[in-house]
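This report describes selected features of one molecular structure, with attention to a helix, a sheet and a cysteine. The sequence and coordinates are displayed first.

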Amino acid sequence: MEALLRAVSLKHYVTIAEKCGLNGLQMLRQHKITPAMIANPEQMLSYASVLQLLEDSAKASGQESFGLLMAEVRTMADWGEVSLLMSHQPTLREALHVVMDFGNLINRYFALRIEDRGRRVFLREETLADSDLPKRQAVELSTALIHQTCAAILGTQWRPKMVCFTHSKPSTLTVHERVFHSRFEFDASANGIWCDAADLDAPNPRADPAMAAIARRFMGAREVRDADDLLFNLRKATYLLLPLGKAKIKQVAPGLGMSVRNLQRQLDELGVSYSTVLNEVRKELVLGHLQNRKTSIESIAAMLGYTKATSFTRWFNTEYGVPPRNWRKEKALRSSG
């Protein structure tokens with residue numbers, strides 16, 4: 001089944017494209033997207049087409065930070081009905097949990113996890129995509145939207161400590177510095193934002209419990225349940241837990257609100273095993289990690305849930321016919337040629 005994304009994901013696209021010297025409507029048509037499609041926020045678009053559109057727009061305009069420019073002109077209200085529920089949460093942490101709970105209504109291929117590390121917190125995000133789909137612009141766009149949400153809740157109090165991207169550093173950081181007001185790490189092991197734990201738990205003075213309750217009831221009625229929700233949510237949970245070494249079925253099931261037995265029973269009914277899902281997620285992640293030459297094979301093995309690099313190498317050799325080091329060398333030679 002084709003992966004689909006709501007048209008709200010391209011809000012302000014034409015405006016930004018034209019500011020960057022592109023013919024926005026022509027770019028849309030080249031990717032089989034019409035103006036009528038993006039005029040309706042609920043219209044479903046090809047996810048692959050949206051990712052490719054953003055990458056091609058960045059390349060054609062020479063603007064490496066195209067995704068950030070799109071995020072810069074958005075407000076929290078662009079989240080739609082979700083923004084009402086977010087804005088009335090008692091803390092930023094709970095507002096981000098709303099993103100985690102209802103993000104499917106905006107972009108089901110975006111996953112967020114709050115990782116507490118003592119006095120610091122890492123807001124780790126994953127943009128789910130097959131390994132052959134480009135996603136640099138989509139990653140920067142979604143990371144900027146999370147940053148924007150934090151700023152909307154905390155105001156001037158919000159000051160992230162560092163913003164991390166797994167892709168390489170652009171030729172200029174002008175737009176990044178304007179959007180994030182932070183330090184950066186590129187070629188990082190994960191995409192996300194480091195901040196103080198105290199920021200996430202500070203009271204939100206604008207929170208209204210009554211409004212939050214009304215919004216939550218409305219959002220519960222709006223949430224769509226597709227036939228493939230179980231597999232999709234299982235993949236999303238695996239994406240987030242895999243780098244932590246917690247992607248065994250007994251660790252994933254509670255996050256889905258299920259017992260291991262219940263999850264296994266439902267997977268059996270679908271004719272799918274969890275090992276198959278886990279293997280698919282590893283294949284979607286591994287090539288992107290290998291292209292980051294600053295990340296060691298040992299680190300990649302750990303990020304894919306392997307305790308030993310030798311086990312990872314055996315798996316990779318089975319899937320791709322060559323050891324990971326050889327694949328990396330061949331990729332480097334093709335790029336330099």
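## Helix α17

Helix α17 comprises the 12 residues 309-320, and at 1.5 Å a residue these should span 16 Å. The C-alpha atoms at its two ends are 16 Å apart, so the expected span and the computed one agree. The structure is a predicted model, and the values reported here are computed from its atoms.

Three residues of α17 are buried: F312, W315 and F316. Their directions cover an arc of only 100 degrees around the axis, and therefore they lie on the same side of α17. The face turned away from this buried side carries R314 and T318, both exposed. Just after α17 comes G321, whose phi is positive, at about 80 degrees.

## The five-stranded sheet

Five strands form an open sheet with mixed pairing, in the order β3-β4-β7-β5-β6. Which strands stand at the edges of the sheet? They are β3 (110-117) and β6 (183-185); each has a single partner strand, so one side of each is left without a neighbour in the sheet. Direction ignored, neighbouring strands are turned by 20 degrees against each other on average.

In general, the strands of a sheet pair through backbone hydrogen bonds, in either a parallel or an antiparallel manner. Two of the pairings in this sheet, each involving β7, are set out below.

| Strand pair | Direction | Bridges | Residues standing opposite |
|---|---|---|---|
| β4 (residues 120-127) and β7 (residues 191-196) | antiparallel | 6 bridges | L123 and I193 |
| β5 (residues 162-164) and β7 | antiparallel | 3 bridges | C164 and G192 |

Strand β7 is thus joined to β4 by 6 bridges and to β5 by 3 bridges. A helix also lies across part of this sheet: α7 (residues 92-102) lies across β3 and β4. Its direction makes an angle of about 150 degrees with that of β3.

## Cysteine C164

The residue of β5 that stands opposite G192 in β7 is C164. Is C164 buried or exposed? Its relative accessibility is 2%, and because buried means under 20%, C164 counts as buried.

How many disulfides does a search of the whole structure find? The search finds 0 disulfides. C164 is accordingly in no disulfide, and the nearest cysteine sulfur, that of C195, is 11 Å away. For a disulfide, the two cysteine sulfur atoms would have to be within 2.5 Å.

Note on methods. Residues numbered from 1 in each chain as written. Predicted model: local features only at pLDDT ≥ 70, side-chain atom pairs only at ≥ 80, totals over all residues. Heavy atoms only, no water. Buried < 20%, exposed > 50% of the residue type's maximum accessible area, 1.4 Å probe, protein only. Helix = DSSP H or I, 4+ residues; strand = E, 2+ residues; numbered from the N terminus. Expected span 1.5 Å × (residues − 1). Arc of directions from axis to C-beta. Pairing = 2+ DSSP bridges. Axes fitted to C-alpha atoms, helices over the stretch in contact; angles between N-to-C directions. Contact = heavy atoms within 4.5 Å.
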